[in-house]
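Trainee: I've got this model open and I'd like a close look at just one part of it. Could you pick a helix and walk me through it?

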Amino acid sequence: MKEIIFNDFVYAGVSSSLATVFTNPLEVVKIRMQLQGELGANNTHTYRNIPQAILQIAKNDGFSGLQKGLTPSLFFQFFLNAFRLGIYTTAHERGWTRDRKTGHVSILKSAFWGATGGFIGAAVSNPFFMLKTHLQSKAKETIAVGFQHQHTGMFNALQTIYSQHGIKGLYRGVSVNLPRALLGSGGQLAAFGYTKDYLQRNYEKKLAPPVISFISGATAGTVMAITMTPPDVLATRVYNQGVTAAGKGIYYNGVVDCCIKVVKTEGVMALYKGFWAHYIRIGPHSTLVLVFFDQLKALAAKYQHK
């Protein structure tokens, strides 16, 4: 049993890392869109839409610019989902996500375990979330938006932040990352678990397992994008801002201060900046993660029975 649980955590981390290789370019676009026009900055037309943003980045930063921050993204996604999906799967397989009377998957129980896993995963992976944000926002001056950190790579960024501000510096902004993970993970896994359970009960003979996984993952991604975008915008702003020598943010004092300033200077809809990039990314990413996860588990089970 312990080996199975451990394997679930590993499969979850590996599945998410594999998906990240395909979806990281959209994450770069999303970060840039969330940062443009920050507190009234006059660069709101730098990235007008997703195709134009991709062309701008490729033209100015090269095609490799579309994979900026990939290394910390891989670490972030591995640790986040190893705990997030691993904890949820353990709870699901032990029946903790099901209604006692009907035996069907409960949305509330699924949301609770998804949120719990997301909370723990976000706490563990927080330093890598910060590092990826710094590196993904860095661009040539002609298309730069937001504060520009001068890191040359993940390990340089890690060393710089740690030497200047210690462990505390690597966990700056964790107060906004945790509710972001609670909302996103809870909504995603509740939608995935409920949809998959419904399809398996009603359409198992008509739909192949990969198709059920795909539909469930796509549904989960939609729910996740809607619930997660506002806290994701705030997280990007808080993490990417520069800090004083004392480690204090130069733009925002915290998530509440950030929310107030963003709404006041940019309007309520600024909380949904980069929504379509987020939506288009999170749908395929969520689908790929959950499909990869299901297939890895299936392959492992097939191998163990040989």
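Mentor: Sure, let's take helix α4 from its start to its surroundings. Keep in mind that this is a predicted model. The protein chain averages a pLDDT of 89, and 97% of the residues score at least 70. Among the chain's elements, helix α2 (residues 50–61) has the highest mean pLDDT, 96, while helix α9 (residues 275–304) has the lowest, 81.

Now find α4, which covers residues 107–137. Right at its start, a side-chain oxygen of S106 comes to within 3.4 Å of the backbone nitrogen of L108. Next, look at the helix end to end. With 31 residues, a straight helix would span 45 Å, yet α4 spans only 36 Å between its end C-alpha atoms. Follow it along and you'll hit a kink of about 65° at S125, shortly before the proline P127.

What does α4 pack into? The largest nonpolar core has 24 residues, and L131, V176, L234, Y239, C258 and V262 have the most contacts inside it. At least two residues of this core come from each of α3, α4, α5, α6, α7 and α8. Of these, α4 gives the most, with 6 residues.

Click on Y239 for a good view of the neighbourhood. Beyond its neighbours within four places in sequence, Y239 is in contact with residues including N126, F129, M130, T133 and H134, and also with V176 and N177. Apart from this core there's another one, of 16 residues, with L35, I50, A58 and L66 among them.

Note on methods
Residues are numbered from 1 along each chain as its sequence is written. This is a predicted model: local features need pLDDT of at least 70, side-chain atom pairs count only at pLDDT 80 or more; totals for chains, interfaces and linings use all residues. Side-chain values use heavy atoms; hydrogens and water are left out. Helices (H or I, at least four residues) and strands (E, at least two) are DSSP runs, numbered from the N terminus. The expected span of a helix is 1.5 Å times one less than its number of residues. The bend at a residue is the angle between axes fitted to the seven residues ending there and the seven starting there. A polar contact is a pair of N or O atoms within 3.5 Å; within protein, one must be able to donate a hydrogen and the other to accept it, and residues adjacent in sequence count only if both atoms are side-chain atoms. pLDDT is the predictor's confidence in each residue, from 0 to 100. A nonpolar core is a set of buried Ala, Val, Leu, Ile, Met, Phe, Trp, Tyr and Cys residues joined through side-chain atoms within 4.5 Å. Buried means under 20% relative accessible area, exposed over 50%, partly exposed in between (1.4 Å probe, protein chains only). Contact means heavy atoms within 4.5 Å.
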